[in-house]
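Here is a friendly briefing to read alongside the structure below. Have the viewer open, and follow the topics in whatever order suits you.

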Amino acid sequence: PDMCGNLDPLMDMLCYFRTPQDLTSRIQSLYTKLDTDASRSLDFWEMKIGLLKLNLDEEINLSVDDWETLTHGHSFCDEDGGITPDAFETIIRVQLEQYVYRRIMRGMQHASEGEMDLLLVL
């Protein structure tokens, strides 16, 4: 499921990774910041409040509907309704992939014919 860019300010921050390991490290660091009680289970409120506290260009105000989408209807949640570090990484990687697709589509919409040919080659 796509949240249509609700997490784009966060994705803007994460998209400058150098290697897959660097991305994993960044995601793990983010999880640690958000999991304020260090329970290794990130619930809706921890994520909502944590995202608001991040120093992003644009504030992210996570809604219950966003949470439902992110967790695929709670299928990524543990028995307590939270997200484990591994599930969080999967969720963020999916969101990052969708973010990249949206950026490509925006670029294609604003590209001239010659630029479009170049984009299609990439």
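A residue is called buried here when its relative accessible area is under 20%, exposed when that value is over 50%, and partly exposed in between. By that yardstick, buried residues make up 39% of the 122 residues in the chain. Please keep in mind that this is a predicted model.

**Overall fold**

- The chain has six helices and zero strands, so its elements read α-α-α-α-α-α from the N terminus on.
- Among contacts with a separation of 6 or more, 54% join residues that are 24 or more positions apart.

**The nonpolar core**

- In soluble globular proteins, nonpolar side chains tend to be buried together.
- The largest nonpolar core in this model has 27 residues.
- Leu10, Met11, Met47, Leu51 and Phe88 have the most contacts inside this core.
- At least two core residues come from each of α1 (8-14), α2 (20-34), α3, α4 and α5 (85-109).
- The helix that gives the most to the core is α5, with six residues.
- Leu10 is a good place to start exploring: setting aside neighbours within four places in sequence, Leu10 is in contact with Leu30, Leu51, Leu54, Leu56, Ile60 and Ile92.

**Met13 and Asp57**

- Met13 lies in helix α1, while Asp57 is found in the loop between α3 (44-53) and α4 (64-70).
- How far apart are Met13 and Asp57 in sequence and in space? They are separated by 44 residues in sequence and by 9.1 Å in space, C-alpha to C-alpha.
- Met13 has a relative accessible area of 39%, so it is partly exposed.
- Asp57 has a relative accessibility of 83% and therefore counts as exposed, because the cut-off is over 50%.
- Beyond its neighbours within four places in sequence, Met13 is in contact with Arg26 and Leu56.

**Asp78, a buried charge**

- Asp78 sits in the loop between α4 and α5.
- Does Asp78 turn out to be buried or exposed, and which side chain of opposite charge is nearest? Asp78 is buried, and the nearest such side chain is that of Arg40, 9.4 Å away.
- Asp78 has no salt bridge; the 9.4 Å to Arg40 can be set against the cut-off, which is within 4 Å.
- Not counting residues up to four places away in sequence, Asp78 touches Ser41 and Thr84.

**Two residues with positive phi**

- Most residues other than glycine have a negative phi.
- Arg40 has a positive phi of about 60° although it is not a glycine.
- Arg40 lies in the loop between α2 and α3, and its relative accessible area of 56% is why it is exposed.
- His72 also has a positive phi, of about 50°, and is likewise not a glycine.
- The place of His72 is in the loop between α4 and α5, and at 33% relative accessibility His72 counts as partly exposed.

**Aromatic rings**

- A pair of aromatic rings is described by the distance of the centres and the angle of the planes.
- The structure holds three aromatic pairs.
- Phe44 and Trp45 form an edge-to-face pair, with 5.0 Å from centre to centre and 75° between the planes.
- Why is that pair edge-to-face? The angle of 75° between the planes of Phe44 and Trp45 is over 60 degrees, so the pair falls in that class.
- Phe44 is buried, with a relative accessible area of 12%, whereas Trp45 counts as exposed at 54% relative accessibility.
- Phe44, Trp45 and Trp67 form one aromatic cluster.

**Cysteines**

- How many disulfides does the structure hold? There are zero disulfides.
- Cys15 has a relative accessible area of 22%, so it is partly exposed.
- Cys77 has a relative accessible area of 16%; that value is under 20%, so Cys77 is buried.

Technical notes:
Residues are numbered from 1 along each chain as its sequence is written. This is a predicted model: local features need pLDDT of at least 70, side-chain atom pairs count only at pLDDT 80 or more; totals for chains, interfaces and linings use all residues. Side-chain values use heavy atoms; hydrogens and water are left out. Helices (H or I, at least four residues) and strands (E, at least two) are DSSP runs, numbered from the N terminus. Buried means under 20% relative accessible area, exposed over 50%, partly exposed in between (1.4 Å probe, protein chains only). A nonpolar core is a set of buried Ala, Val, Leu, Ile, Met, Phe, Trp, Tyr and Cys residues joined through side-chain atoms within 4.5 Å. Contact means heavy atoms within 4.5 Å. Lys and Arg count as positive and Asp and Glu as negative; His and the chain ends are not counted. A disulfide is a pair of cysteine sulfur atoms within 2.5 Å. Rings of Phe, Tyr and Trp (its six-membered ring) pair if their centres lie within 6.5 Å; planes under 30 degrees apart count as stacked, over 60 as edge-to-face and the rest as tilted.
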